[in-house]
Amino acid sequence: MNLDLLDVDRLSVIPVWVVFVGVAVLLAFESGSPLGLFTPGNNVPIALGVLTSIGVVPWLPAVVTAAVASSIGAQWALWRGRRTNTILGSARVEAAIGRSMMQVVLGVTASVERRPRAVAVAGHLVGGIRTITPRLLASTSLRQREYAVLSLLAAGVWAAALVTVGAWLGDQSVVRTALGYAWIPAVTVIVVCQLRRRTRPSTPELVGAR
């Protein structure tokens with residue numbers, strides 16, 4: 001999404017509480033809905049950091065708001081996935097995206113089941129993957145309360161890092177845009193690795209091997 005929607009000059013004249021409410025809704029939606037893939041995700045805490053650098057919002061409330069909202073959205077996504085017994089939150093959506101794509105998703109889910117805690121933490125740090133992670137974890141044995149703690153810790157690290165980066169960079173839109181879209185290569189690598197894993201011919205077992 002275009003960073004103009006997070007124009008700092010525009011946001012600086014809005015009451016602080018309105019900015020925080022908007023940030024909370026946007027970040028909860030980003031991690032809680034599949035449509036969050038199309039929201040500006042990483043750009044939001046970066047923009048908050050820019051606002052802290054010019055004295056519009058304080059640093060700590062900005063970090064707490066971003067972290068809690070993002071974690072709540074992810075927790076809701078995990079709960080929703082388990083309640084509907086789906087990965088994408090809707091059986092209709094899964095039927096619509098095609099069988100081959102669902103096979104890729106299921107392949108990723110099988111990998112997630114081996115280390116759900118590590119995935120819960122690492123997945124929340126990367127845009128795009130943050131939206132997908134709780135849905136992949138819904139089929140694992142990871143408890144809801146445990147995921148709540150892990151996602152909140154990861155969201156805290158993510159929010160603190162990006163708000164700080166935004167405060168340090170200031171209004172350098174080119175750099176902020178690059179950081180905002182940094183999730184694209186990460187998602188691409190995951191999909192390519194899964195496709196290669198599924199298409200790689202299995203090594204024939206040696207006769208007499210134990």
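Let me start with a term: a residue is called buried when its relative accessible area is under 20%, exposed when that area is over 50%, and partly exposed in between, using a 1.4 Å probe and protein chains only. By that definition, 41% of the 210 residues of this chain count as buried.

This is a predicted model, in which local features need pLDDT of at least 70 and side-chain atom pairs count only at pLDDT 80 or more, while totals for chains, interfaces and linings use all residues. Residues are numbered from 1 along each chain as its sequence is written, and side-chain values use heavy atoms, with hydrogens and water left out.

Confidence next. pLDDT is the predictor's confidence in each residue, from 0 to 100. The chain averages 77, and 65% of the residues score at least 70. Among the elements, helix 4 has the highest mean pLDDT, 95, and helix 11, residues 183-199, has the lowest, 51. Two stretches stay under 50. One is residues 183-187, for which the model has 8 contacts beyond four places in sequence; a contact here means heavy atoms within 4.5 Å. The other is residues 202-210, with 0 such contacts. Where pLDDT is low, the predicted coordinates should not be read in detail.

Now the overall fold. The chain has 11 helices and 0 strands. Helices (H or I, at least four residues) and strands (E, at least two) are DSSP runs, numbered from the N terminus. Of the contacts with a separation of 6 or more, 79% are between residues 24 or more positions apart. The accessible surface comes to about 11700 Å², and 66% of that belongs to carbon and sulfur atoms. These areas come from the Shrake-Rupley method with a 1.4 Å probe; for residues, only the protein chains shown count as cover.

Helix 3 is worth a look. Of its 11 residues, 10 are buried, so this helix is largely enclosed by the rest of the structure. The buried ones include V44, I46, L48 and L51. Just after helix 3, G55 takes a positive phi of about 80°. On the other side, F38 sits in the loop between helix 2 and helix 3. F38 is exposed, with a relative accessible area of 59%. Its C-alpha atom is 8.6 Å from that of G128, although the two residues are 90 apart along the chain.

Next, charged pairs. How many salt bridges does the structure hold? There are 2, where a salt bridge is a side-chain nitrogen of Lys or Arg within 4 Å of a carboxyl oxygen of Asp or Glu. Side chains of opposite charge can pair when their charged atoms come close.

One of the salt bridges joins the side chains of R130 and E30, at 3.0 Å from N to O. R130 lies in helix 8 and E30 in helix 2, so the pair ties together parts that are 100 residues apart in sequence. Both residues are buried, and for R130 the relative accessible area is 0%. Leaving out residues up to four places away in sequence, R130 touches E30, S31, G41, N42, S70, G123, H124, L125 and W158.

S70, from that list, lies in helix 4. S70 is also buried, with a relative accessible area of 0%. Beyond four places in sequence, the contacts of S70 are L27, S31, H124, R130, A155 and W158.

In the other salt bridge, the side chains of R117 and E146 meet at 2.5 Å, again N to O. R117 belongs to helix 7 and E146 to helix 9, so this pair ties together parts that are 29 residues apart in sequence. R117 counts as partly exposed, at 45% relative accessibility.

Last, the surface. Which residues make the nonpolar surface patch? W59, L60, V64, V68, I72 and L152 do, over about 530 Å². Patches are made of residues with over 30% relative accessible area and no salt bridge; like charges are joined within 9 Å, and nonpolar side chains (Val, Leu, Ile, Met, Phe, Trp, Tyr) within 5 Å. The largest share, 5 residues, comes from helix 4, residues 59-84. An α-helix has 3.6 residues a turn, so residues three or four places apart point the same way. V68, in helix 4, is partly exposed, with a relative accessible area of 35%.
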